[in-house]
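Colleague: Hey, got a few minutes to walk me through this one? I'm new to reading structures, so plain words please.

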Amino acid sequence: METKRMDLNLKKDSIFSLEAGNANLAILFGPQSYVEYSFSNFGSIASKVIFDSVNNKLNFKNSDLIELSINLYLPDDIKGIEVLLNKGNIFITSANCDINITTYNSGLKIINSNSNLKLDVFNGEIYLEHIKGKILINGDKSQIKIKNWDFCFGDIVTNYGLIYIETEKINGDINIKNNSGKILFGINTTDYDIIARGLDIINYLDNKNGKSLGSPAQISSGNKQYKINIFSKTDKVIIANSKDL
């Protein structure tokens, strides 16, 4: 594989966009702005990289036909990023900006980020850890796992696959919907107001062996400032302390 590097003169006060067909993508943050990419040509078809400085956009042409890996380095104080990727794996760490990702057949991992996330992932596993902020997830065949979600609020929806969530401090309403899959929800506070619907609701918050509540069920304690709505159309909802989940 051949490797190339391109320096990027970005507008940090604007949204940065990246578009590619098929690629493995890593996004890291620091003092510099550049991209390194490795690729293997497909016959006479080669990689073509275009950076549009006016629109703050990086486009990898022909990437649906070649083998491509991208390491993207962005400034810590960039306003936000948008990614459109057809197929591949995406890894992001240490982001302090809004993140908007649309992908059709990708695994996605984001860790150690103080970011609002908008994720449209139609087929692939989503793994988030040590995240602070609002999360909006629209999935189809998407297994979702979120660990150590702090100052959390948002909407999480998928059609197929397990949803596993560990929350820390809650900062707004949370809505979780799974059309065909189990939901495991962990909470790390004594203040909550949960309305849950599913095949059955199992509550481990007060009983280490679990208690079946049927469906629908309301589980409330302390300050009920924020609403947590959980719905599984065809499977169980399990609610526990985050440390026990």
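Modeller: Sure, let's go from the overall picture down to a few single residues. One thing up front: this is a predicted model.

Colleague: Okay, how many helices and strands are there in the protein chain?

Modeller: The protein chain has 0 helices and 21 strands. Its C-alpha trace spans about 60 × 35 × 25 Å along the principal axes.

Colleague: And what share of the residues counts as buried?

Modeller: Of its 245 residues, 46% count as buried. As for the outside, the protein chain exposes about 11,600 Å², and carbon and sulfur atoms supply 43% of that.

Colleague: What about charges? How many positive and negative side chains does the protein chain have?

Modeller: There are 27 positive and 27 negative side chains, with the centres of the two sets 4 Å apart.

Colleague: Let's go inside. How many residues does the largest nonpolar core have?

Modeller: It has 64 residues. Phe60, Leu72, Ile81, Ile92, Leu119, Leu128 and Ile230 are the ones with the most contacts inside that core. As background, nonpolar side chains tend to be buried together in soluble globular proteins.

Colleague: Pick Ile230, then. Which residues is Ile230 in contact with, leaving aside neighbours within four places in sequence?

Modeller: Its partners are Ile176, Ile183, Phe185, Ile194, Ile195, Ala196, Arg197, Val237 and Ile239. For the protein chain as a whole, take the contacts with a separation of 6 or more: residues 24 or more positions apart account for 45% of them.

Colleague: New topic: how many disulfides does the structure hold?

Modeller: It holds 0 disulfides. Take Cys97: the nearest cysteine sulfur belongs to Cys152 and is 20 Å away.

Colleague: Why is Cys152 without a bond to Cys97?

Modeller: Because the sulfur of Cys152 is 20 Å from the one in Cys97, its closest cysteine sulfur, and that is too far for a bond. The cut-off used here for a disulfide is sulfur atoms within 2.5 Å.

Colleague: Are Cys97 and Cys152 buried or exposed?

Modeller: Cys97 counts as buried, with 3% relative accessibility. Cys152 is buried as well, at 0%.

Colleague: Where is Trp149, and is it buried or exposed?

Modeller: Trp149 sits in strand β12. Its relative accessibility is 0%, so it counts as buried.

Colleague: What does Trp149 touch, apart from neighbours within four places in sequence?

Modeller: Its contacts include Ile131, Gly133, Ile135, Glu166 and Ile174. Glu166 is 17 residues from Trp149 in sequence, yet their C-alpha atoms are 6.2 Å apart in space.

Colleague: Okay, backbone oddities. Which residues have a positive phi although they are not glycine?

Modeller: His130 is one of them, with a phi of about 55°. Phe151 is another, at about 45°.

Colleague: Where do those two sit?

Modeller: His130 is in strand β11, which covers residues 126–141. Phe151 is in strand β12, residues 144–158. His130 counts as partly exposed, at 40% relative accessibility, and Phe151 is also partly exposed, at 34%.

Colleague: Last one: which residues does a cis peptide bond join?

Modeller: Ser215 and Pro216, with omega about 0°. Pro216 lies in the loop between β18 (211–212) and β19 (217–221).

Colleague: Great, thanks!

How values were computed
Residues numbered from 1 in each chain as written. Predicted model: local features only at pLDDT ≥ 70, side-chain atom pairs only at ≥ 80, totals over all residues. Heavy atoms only, no water. Core = buried A, V, L, I, M, F, W, Y, C linked by side-chain atoms within 4.5 Å. Buried < 20%, exposed > 50% of the residue type's maximum accessible area, 1.4 Å probe, protein only. Contact = heavy atoms within 4.5 Å. Helix = DSSP H or I, 4+ residues; strand = E, 2+ residues; numbered from the N terminus. Areas by Shrake-Rupley, 256 points an atom, 1.4 Å probe, with all protein chains shown as cover. Lys, Arg positive; Asp, Glu negative; His and termini not counted. Charge placed at Lys NZ, Arg CZ, Asp CG, Glu CD.
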